[in-house]
Structure formats: C-alpha cells, structure tokens
Amino acid sequence: MGAWIKRSWAQHASVSRLMAVVLGSLLAVMYAVAALIDDRPLLRQVSQGVGNTTVFPAALVVLLVVMMLFSLTFLLYLNRLLLTRRDGELGLYRRLGMPASRLGRDLGGELGVIFAAGLGAGLLGGILVSKLLAMVLLRLVDVAQPVGLLVSPPAIGELSGYTVVVWLLLAALNAWYVKGHELLLYSTPDAAKTPTAPLSGLDLLGGLLGAVLLISVVWFAQAPTYWTSRAAQLFGNVWGLLGSLVFGLLAAIGGVYLLFACTLPVGLAKLAKLRWARPASRYLPLMIIVRRLRANRHSLWLTTALTTVTLTVIGGAAVLYQFGQTVVAQNIAQPIVATASGQRLVAQTLAKTPGVTTTPLATKLVAGKVRLRLRSAHDRLEKNLYQVIAQSDYQRIRRQQSQLPAIAVRQDQAVLLTTAEHLYQVGGLGGFDNTGRSLRLPQIGKRLVIKAITADFPLGSSGYFDRGLVVSDQQYAQITAPVVMIYGTHVRGKLAPALEKPLANSTAMDFVALDQATLAGSKVPTVVAKAPGQDYLGRDAISLRRPALHQMNGVFGFVLFVILMLGAVFMVATASILLLKQLAEARNERAAQVTLRRLGMPQPVLTRVIYTQIMVIFALPLGVGAGGAALLIKGLKDALGGHPSQVAGAVFGVYTLVYLVFAWVTAARIDRQARR
C-alpha cells in the first residue's frame, strides 16, 4: 500500500494537494464555528444585546450541522468526479491482475493520506482564523471585548471524528465502485471521451428558447409586483401569486441551463466563422470554449445555481443588516428622543451633566383624510392622525439632521411623512406616484396638495403617533390644534452611555384616541398617559438610539455572521468544482496541446489560449449567478424601501476576487502541465 500511495501521489500530486487544500478550508471554517460554540463566555457576551443566551448557541449548532452535511455532499461529488477521471488507470491495474479488493484498499489508503493532510491543515488553519472570525462576530453584534485564538479540544475531537467518518464512507464507496464496475477491465489509460456531437438546428432552437426565457426572467424581475398583481387578477390571488413565482423559477432554471448548453455555444460558433476570428489565437479559444461549454453544461449550471443562492443569501443578509441600522437612525434620529412627558425625566437625569444639547420641536396634532394608492392595490381612503410641522422648524432641525431631504412648500402644499413611503411610491413598469393628491383636514376645514412623500421624520419617527406633515409657516399659524412637543437630546463625552442607562428603564408612554369621531375631525385629539380602551395609538415617552441600535446589531449582525460562514463553504465548493473539472478536461487535451506545439504554435500564444478559456469558463457562472443574485437583492431592497447596502457590494467584490484567484490557479496549473 505504501508504494501505491507514493506512486499515486506523485502521479496525481496537483489534484491530491488541491483536494487536501479544499478539505482543509472546509474544516477550518467548521472548526472556527465549533470553537465559538464551545466558548460559552464569549457567546453570553454576544447574546446580551437580545436578552436570550440560548438562541445564538443553538443557531451556531444548526449552522455547524448544515455545513457538515453540505461538505459531506460536496466531498461525495468531488470524490466521484476524481475517481471517474481515473477509470483508465484503474482498468489497467485490473487487467494486470490486481484484485478489486486490494485496489479498493489502496485507494482507501491514498484517500486517508489526503484526509489526514486536510485535517491537519484544517485544524491549524481553524485555530489561526478563529480569532479573526470571533472579532468579526463581535464587531457585527456591536460588542467590545478582547479575544484570542480559540483552542477547543472538544471541537478538535468533533472535527477529527467527522473527518474519519467521511473518510471511511468514501473509502467504502471507492471499494464498491472498483468491485462493482467490471467495465474497468476494458478501460484504457487516458481514454478519450466520446466526441461532442456537432451543433444542429435543435441547438439553435434551444439557444433561442434559452435567450427568451432569460429575457422573460429579467423582465419579470424588474417589476415583480406588477406582474404578480396582473396574474392575481387573471387567476385569483393564491394561484396567480404561486403561478407567477413558479414560472419565474422554472424559467430561470431552464434558461440558465440552455444558456450553457445551446445559446452560448451557438453564438460563439457563429462568432468563430467571422473574419475577426481567423487568427489561431482567437479561433482556438472560441472553439475550445464551445466544446467545454457543451461538455461541462451540468457543472456550469450547478455552480451558477450555487453562486446565485450564495450571493443572494449573503447579499440579502447584508441588506437586512444595513436596513436595521437605517431603520434605527430613522426612528431615533438623536441619541435621546422624548415627548413632553418623557422630557421631564430626561431633564432630571441630565440636570447636572455638562455638554447636553436639547432640540425642541413643536407639532400640531390633527386628523386627516386622503385617497392614496397602495402598492399592488387600488385607491383607498385613508384616515390618519398627522403631526403638522412648520417649514421653518423643519429647516432648523435639518441643519442638525442632514439626512432630511430639502423641502420647499407653498401655502396650499404639504409634504407627507410616513414610514411606509416605499408602498406609496413605486417606479418602473406599473409604477405610480401619489404626489398631487388632495389631503383634507376636516377638523380645521383645510385642503392641501401632497407635494412629496418621505420616510425621514424630524428627530425620528419614534416621536410621532402616526404620520407627519410639513406645511408652510403661514399655514401652520392658521391651524388651531393641540400642540405636541418632541425633544431631541444629545449628550457629549465618553460618559454618555452610562448617563443614558437610567433612562432605559422607563416604560412611560403617551396615547391618543383613534376612534371614528377623532378621525372624522369632530373630536379634538387629546394626548393622555394611559389608554382607557383599545382604540388608542401609543408612542414611547423616551426612546434611546444606542440600546436600540445595539439590539438591532445583535440580531441582524449575528444572522449576517451565520450567513457569511455558510457562504464561505458554498464559495469554496463552487469554485473547487470548476477548478477540478477544468483540470480533468485539460488532461484529455494534453495530446492536442503537444500537437499544436509541434506544428509551430509559440508557447506564449498557447499560454494565452489557456488563460483565456479558463477565465471565460470561470467568469460565465460568476457573471450569470451574480446577475441573478443582483435582481433578487434588488427586489428585497425595493420591498424594504430601497435602502442602499455597501456591505452587499463588498460581498460581491470578495466573491469575485476569490473566483479570480481560483481561475488563475487553474490556468497556471494547466499551463504548467502543457509546458511539460
């Protein structure tokens, strides 16, 4: 067995080392997660933001199990791919008289060396990277705590046991493969694959169908609300929604498969017939790419699907993380936002504190009626309470709260403030805009034209019962209604968190009646400290931005960390599939490359051909997958109000960089083999 392992390792050194590196990368990520699970004090500190110390450890356990199951599935696929690649070699050993049992045992020993190397590298890499991942987790959940390398004997034992179990399973499957496939007796080393059939009219039709399906998916993704609402009108709400979603999913799956199987091969074959492609340095890469697209259409489709899922999940989690931070900033625009009743406690608590700045804002509480169109629905009459703000007060607050949009209204105009702005303004196909609608204030007999709609409230929406309204100073002076004060307070200095802490225990709230008489304008809305019935709107008397942001980061930051860890495993798997498939294809093309060199093709030209085809093969699933993920993330952002996410852009950049590194490694190895 030792001689077999040495000979096999020397013959397949590049593939064996790559498999050990891939296995080590997967085990390193899994070790880091297992070590985090074992570090109870660290997880307790992380869980403080949500007030539950059992949720995060349980979520990490689920993550580790999912990573183990996915890694097992991926290693099974990878092992079968590499074993099939060696059919000719194994057949030669069988014809020379080597028993199938011994051949299976030797394959198991060879695999054991690879797994031992991967386990050692994975545990060492996991220990080294564990500190970095712990720091990332603490940063995402907004916890300041020093952390060192996580050395966890239980995690080492669990990962070692997992690796041994997977090795035994793969060794048994390899032995069964050798024993159960007697056709190996008739295989020849480096047997040529069945030649790919020439392109036909069916391929042309398939290419056209694939293009139509992908264009339909992109068109649907640009306005999903519009198309689902149209389908609901034709087939009913449930069947219309389900039918449109199923159609979109099936069209995407079929379109991507036909793209690699027919559309791109037909298009590149047509391109190769043009005068531009006559030089060998252009013609050869085109035809090699055509052949590889058709031969690897299944793996290209699989890696595209995994890329789309990975980028969508990671990008979606990044969007949610940044969305949570934006929502807190919109709800509580200053460190402390209080109503008149809450401001008394704030003033008492901070009475002797230097560096305290308080910004008052006077609003008038009135009832209003307006007919608005909601997303995917018809116009409907909405009755709400509005806190009216004078334009001069709005501009004063805007000098401190820079994210507030610039506003200029005439006496008959108003700007509507609502947290659901994205539901009332939809762009693109089937879009609508509620500006220009007439808003009636029956309590004072006024009609105002809505000039704009925004989700940004002066001092934050937490100080408002329902909606806000910005009007001209003249109009504000003419409104006779109860004045409702809002205060924004900022405490400077490092002691601000400690000074704000006593205010976090406040449970005081304000309430206002929401009965039909109040909404109709026949009853003046009155703010009370307790709600005598159910028809009342409430708001917190004191809102603190720091604890709210900490809690939001604790939840969405942890979710983003979990998704990042899972995405790292998916990323390594998808890139590795392409890498090993291209190495296997290159082995079958070695004779053709030798022939080209003998015919006089310079080595630099052959190198350029190799790098071009490999970069294209890697770029296609990355580009198509990233495009699909971008459409899905855009839909999520639109549903959340269109908040931008720099984190999602960074995720796409890192994923692209990793793919380029794998592509460069693949091309370099193939070029090195071609030079021999």
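Student: In which helix is the place of valine 238?

Tutor: Valine 238 has its place in helix 10, where a helix is a DSSP run of H or I with at least four residues, numbered from the N terminus. The model is a predicted one, in which local features need pLDDT of at least 70, side-chain atom pairs count only at pLDDT 80 or more, and totals for chains, interfaces and linings use all residues. Residues are numbered from 1 along each chain as its sequence is written, and side-chain values use heavy atoms, with hydrogens and water left out.

Student: What makes the lining of the largest pocket free of charged residues?

Tutor: Asp, Glu, Lys and Arg count as charged, Ala, Val, Leu, Ile, Met, Phe, Trp, Tyr, Cys and Pro as nonpolar, and the others, Gly among them, as polar; the lining divides into 19 nonpolar, seven polar and no charged residues.

Student: Which residues lie nearest the centre of that pocket?

Tutor: Of its 26 lining residues, Val217, Ala252, Thr308, Gly628 and Leu632 lie nearest the centre. A pocket is an open set of points on a 1 Å grid over the protein atoms alone, where a 1.4 Å probe fits, with protein on both sides within 12 Å along at least five of seven lines, and lining residues have an atom within 4 Å of a point.

Student: Why is the largest pocket said to lie between domain 2 and domain 3?

Tutor: Domain 2 (209–269) and domain 3 (287–332 + 543–676) both give residues to its lining, so the largest pocket lies between them; the domain bounds come from an automatic or database domain assignment.

Note on methods:
Helix = DSSP H or I, 4+ residues; strand = E, 2+ residues; numbered from the N terminus.
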